[in-house]
Amino acid sequence: MSGSTLLLSILALSSVARADYFSKDPLNQKVVPHDQIPYQVMTDTDDPRGFQSGYNQCNSTTENQESLCQTMYVNHIDDWCLWAPAPPNTPISEAEGDVVAWCSKAGHGTRIIPAGAVTGLQFVQTQSYIQVAGTINQALLNVGGTDGGELDSGGQDGEGNPMGGLVYSNSFPSSNGDNNTFAQVQRWSFFIGNNAFCGKVCDMTGKNPAGLCNNIYDRLGCDYNAPNTAQEGTFEFCKGDDMIPVGTYVVNGVTSVYTQPPEASPIDYDNLPYTATPAPTSSCITYQSADLFAAGATISGASAPASASATPSGSASASASASGSGSGSGSGSIPAGAATSAKASTPVASTKPSSGSSSGSGAAASPSASGSSGAAAAWGVSGAAVVAGFVAVFAL
Ligand SMILES: *[C@@H]1O[C@H](CO)[C@@H](O)[C@H](O)[C@H]1NC(C)=O
Ligand SMILES: *[C@@H]1O[C@H](CO)[C@@H](O)[C@H](O)[C@H]1NC(C)=O
């Protein structure tokens with residue numbers, strides 16, 4: 001359903017094309033203590049998909065809006081990151097292997113999420129994982145196009161998307177409330193596109209991290225992978241129950257596991273055997289976005305047309321000019337009404353493979369046009385924008 005859904009199918013297509021190579025040293029098996037992070041965690045040099053484009057050692061010198069840091073954190077509602085493209089206006093299907101960390105707080109050696117980029121946020125902590133979901137003004141995060149996609153610690157070749165992406169948290173029980181004690185997260189998945197995103201990072205010492213953060217349902221988007229009730233305009237932290245493992249559902253007391261069809265096969269999103277519902281949340285606390293994204297207040301939008309020439313491969317120099325964008329003051333660039341305008345302009349009817357999707361990776365995403373039903377509930381996003389975007393995606 002969700003737009004991410006189909007886009008995911010795009011990614012899936014590429015995975016098919018590369019099924020012949022799989023890492024002998026997969027990312028989600030690597031043990032990397034936080035104080036032993038190498039410059040680049042990827043080690044395979046024979047992957048046809050290439051090599052890690054950024055780096056994992058991130059510090060004050062790499063903390064800027066051209067950072068290629070690929071180590072990220074999901075700590076607290078005012079201290080978390082997401083993955084987004086390095087060059088401006090890049091469809092996630094083109095950037096999946098090279099996305100970089102964008103964080104809400106300074107201190108991680110990454111890009112900073114500009115104020116106004118996240119327009120709604122639900123941060124849920126359960127016994128076994130942390131889930132973040134929300135609405136975004138994607139242009140401020142360099143996400144282009146109308147498609148979405150999954151980023152996870154698996155990837156078609158086991159290298160992860162981004163290749164070499166590392167994730168840590170100081171918020172699991174093993175940290176005992178000490179913000180300087182970081183646990184490595186080897187099982188995680190994020191979806192971003194269509195002005196929305198979601199992510200889930202699983203506590204490796206918790207219950208069933210491989211199931212709760214399963215990454216094989218890349219065509220089902222946020223509504224099935226990270227069911228949530230995020231709403232544009234609301235910023236909240238909640239405690240939550242664990243969801244049922246991704247892809248698992250119960251009907252009339254019978255537990256079943258959904259099998260996502262091969263990428264070449266269309267999915268009839270109107271007739272999936274189940275509808276995922278968000279797990280119960282409690283003790284929700286709401287915040288003002290300005291308090292959560294203070295670090296981004298002086299960051300001007302990354303959507304600067306100035307560096308539109310950046311190449312999708314994300315070389316360091318590619319986005320170097322991005323900071324240009326002039327408009328010194330951050331506030332000026334905060335598109336308060338972004339979400340609204342996004343809705344208006346969402347090409348609901350665009351049934352063509354939108355221009356940009358040049359990258360070989362399957363721009364031709366199986367035209368499983370059937371799908372259309374609203375994924376709104378799934379993303380928990382009330383706005384029609386997301387749904388519309390998804391529709392457009394389906395049309396791809
Ligand atoms: C900071 O990070 C960069 C990129 O990983 C690395 O080259 C550099 O050595 C680091 N600097 C320090 C002082 O650790
Ligand atoms: C850890 O960081 C969060 C904010 O990200 C803060 O609210 C909390 O008080 C910190 N904990 C400690 C023990 O400093």
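A residue is counted as near a molecule when its C-beta atom, placed from the backbone, lies within 6 Å of that molecule.

**View 1. The surroundings of ligand 1 in the predicted model.** The model shown here and in the views that follow is a predicted one. Around ligand 1 stand Tyr39, Tyr55, Gln57, Asn59, Thr61 and Thr62. Sorted by class, this shell comprises two nonpolar and four polar residues, and no charged residues are found in it.

**View 2. The surroundings of ligand 2.** The residues that surround ligand 2 are Asn75, His76, Asp78, Asp79, Gly177 and Asn179. In this shell there are four polar and two charged residues, while the number of nonpolar residues is none.

**View 3. The whole protein and its largest nonpolar core.** Eight helices and 17 strands make up the secondary structure elements of the protein, and of its 396 residues 57% count as buried. When contacts between residues at least 6 apart in sequence are considered, 76% of them join residues that are at least 24 apart. The largest nonpolar core contains 72 residues, and those with the most contacts inside it are Cys81, Trp83, Cys103, Ile192 and Phe197. For Cys103, once its neighbours within four places in sequence are left aside, the residues in contact with it are Met72, Tyr73, Trp80, Cys81, His108, Thr110, Ile112 and Ile113.

**View 4. The open sheet of seven strands.** The strands of this sheet follow the order E9-E12-E13-E7-E6-E14-E17, and their pairing is mixed. Strand E9, residues 148-152, and strand E17, residues 281-286, stand at the edges with a single partner strand each, so that one side of each is left without a neighbour in the sheet. From one strand to the next, the twist averages 15°. At the E9 edge, the pairing with strand E12, residues 188-193, is antiparallel and extends over five bridges, and within it Asp152 stands opposite Ser189 of E12.

**View 5. Strand E6 and its two partners, E7 and E14.** Eight of the eight residues of strand E6, residues 118-125, are buried, and the strand is therefore largely enclosed by the rest of the structure. On one hand, E6 is joined by seven bridges to strand E7, residues 129-136, the two running antiparallel, and these strands form a hairpin with three residues between them. On the other hand, five bridges join E6 to strand E14, residues 235-240, and this pair runs parallel. Leu121 takes part in both pairings, for it stands opposite Gly134 in E7 and has Phe235 as its bridge partner in E14.

**View 6. The open sheet of six strands.** In this sheet the order is E5-E4-E2-E1-E10-E11, again with mixed pairing. Strand E5, residues 111-112, and strand E11, residues 183-185, stand at the edges; each has a single partner strand, so one side of each is left without a neighbour in the sheet. At the E11 edge, strand E10 is joined to E11 by three bridges, and the two strands run antiparallel. Within this pairing, the bridge partner of Ser169 in E11 is Ala183.

**View 7. A cis peptide bond in the loop between E9 and E10.** The peptide bond that joins Asn161 and Pro162 is cis, with an omega of about 10°. Pro162 belongs to the loop that lies between E9 and strand E10, residues 166-169, and this loop therefore links an edge strand of the sheet in View 4 with a strand of the sheet in View 6.

**View 8. Two asparagines with positive phi.** Asn142, although it is not a glycine, has a positive phi of about 70°, and its place is in the loop between E7 and strand E8, residues 143-144. Asn252, which is likewise not a glycine, has a positive phi of about 50° and is found in the loop between strand E15, residues 248-251, and strand E16, residues 254-257. Which of the surroundings, buried or exposed, belongs to Asn142, and which to Asn252? A residue counts as buried if 20 or more other C-beta atoms lie within 10 Å of its own, and as exposed if 12 or fewer do. Asn142 has 29 C-beta neighbours inside 10 Å and so counts as buried, whereas Asn252, with 4 other C-beta atoms within 10 Å, is exposed.

Conventions:
Residues numbered from 1 in each chain as written. Chains lettered and ligands numbered in written order. Predicted model: local features only at pLDDT ≥ 70, side-chain atom pairs only at ≥ 80, totals over all residues. Nonpolar A, V, L, I, M, F, W, Y, C, P; charged D, E, K, R; others polar. Core = buried A, V, L, I, M, F, W, Y, C linked by C-beta atoms within 7 Å. Contact = placed C-beta atoms within 7 Å. Pairing = 2+ DSSP bridges. Axes fitted to C-alpha atoms, helices over the stretch in contact; angles between N-to-C directions.
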